[in-house]
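Subject: Structure for you to look at

Hello,

Here is the structure I promised to pass on. My notes on what was found in it follow below.

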Amino acid sequence: MSHKDLTCPMCERGTLTPVTYSETFQHHGAELHVSGLEGYECECCGADPIFDDQIRRNHARILDARRRADGLLTGEEIRALRDRLGLTQKEASELFGGGANAFSKYERGQVVQSAAMDRLLRLVGRYPQLMADLKDTEQLQGLIPVNSDSEYVDGNRVWIAGISRGTTVRGDLATVVEIDQWKRAHAA
Ligand SMILES: [Zn+2]
């Protein structure tokens, strides 16, 4: 049933009018009051159907209220933070982890981010330069650290994190050298 057809599906006589309502939920032992929830009401028979898109928006609203109560960022706040960092949803998911569609789900209010993810987001939101470190970590994942925590072996190459932008291969935060060259440099 589309929104244009606002004849009541129950009595087929009345017309549906959009309404908003409030509901109180139990959340971690406290009462959580959520207002602005959407539905329809039939003036004739009193039926109160809720359409799919309203259910989705209501769900997101309830999730945001829970996030606020728990001191977590809301979907809109996550979107604003990601925009400020200049990341797409996909890039943010890759950089911060959480799964392929994590940010789409957080922002649409489908899934609540973990407290750990929330803290990470706040931290990087406050200190955007930390993004460079995260990118380093992402690039160096799966490589074996050697000698110090900024040098990694991958096959016959050594990655040196955060030294120069000279001979960049993977992203622009790691310098890569041949292992022979690296051994010569460390022979002395
Ligand atoms: Zn009706």
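Of the 188 residues in the protein, 16% are buried. Please keep in mind that this is a predicted model. There are seven helices and six strands, and from the N terminus on they come in the order β-β-α-α-α-α-α-α-β-β-β-β-α. Taking contacts between residues at least 6 apart in sequence, 43% join residues at least 24 apart.

The N-terminal strands

Strand 1 covers residues 16-27 and strand 2 covers residues 30-42. The two pair in the antiparallel sense, over eleven bridges. They form a hairpin with two residues between them. One residue in that turn, histidine 28, has a positive phi of about 50°. Glutamine 26 has glutamate 31 of strand 2 opposite it. Strand 1 has twelve residues and the number buried is one, so the strand lies largely in the open.

The core

Which residues make up the largest nonpolar core? It has ten: Leu72, Leu73, Ile78, Ala92, Phe96, Ala102, Phe103, Tyr106, Leu121 and Val124. At least two of these residues come from each of helix 3 (89-96), helix 4 (102-108) and helix 5 (115-126). Helix 4 contributes the most, namely three residues. As background, nonpolar side chains in soluble globular proteins tend to be buried together.

Tyr106 belongs to this core. Apart from its neighbours within four places in sequence, tyrosine 106 is in contact with Gly75, Ile78, Val111 and Gln113. Of these partners, Ile78 is itself listed in the core.

Helix 2

Gly75 and Ile78 turn up again in helix 2 (residues 75-85), where the buried residues are Gly75, Ile78 and Arg82. Viewed down the axis of helix 2, these buried residues fall within an arc of 60°, so they line one face of the helix. The face turned away from the buried side carries the exposed residues Glu76, Asp83 and Arg84.

What covers the buried residues of helix 2? The cover includes helix 1 (52-69), helix 3, helix 4 and helix 5. Just after helix 2 comes glycine 86, with a positive phi of about 70°.

If you want to go through it on screen, I would begin with helix 2 and the helices that cover its buried residues, among them helix 3 and helix 4, and then turn to the hairpin of strand 1 and strand 2.

Regards

Terms used: Residues are numbered from 1 along each chain as its sequence is written. This is a predicted model: local features need pLDDT of at least 70, side-chain atom pairs count only at pLDDT 80 or more; totals for chains, interfaces and linings use all residues. A nonpolar core is a set of buried Ala, Val, Leu, Ile, Met, Phe, Trp, Tyr and Cys residues joined through C-beta atoms within 7 Å. A residue is buried if 20 or more other C-beta atoms lie within 10 Å of its own, exposed if 12 or fewer, and partly exposed in between; C-beta atoms are placed from the backbone. Helices (H or I, at least four residues) and strands (E, at least two) are DSSP runs, numbered from the N terminus. Two residues are in contact if their C-beta atoms, placed from the backbone, lie within 7 Å. The arc is that of the directions from the helix axis to the C-beta atoms. Two strands pair if DSSP finds at least two bridges between them.
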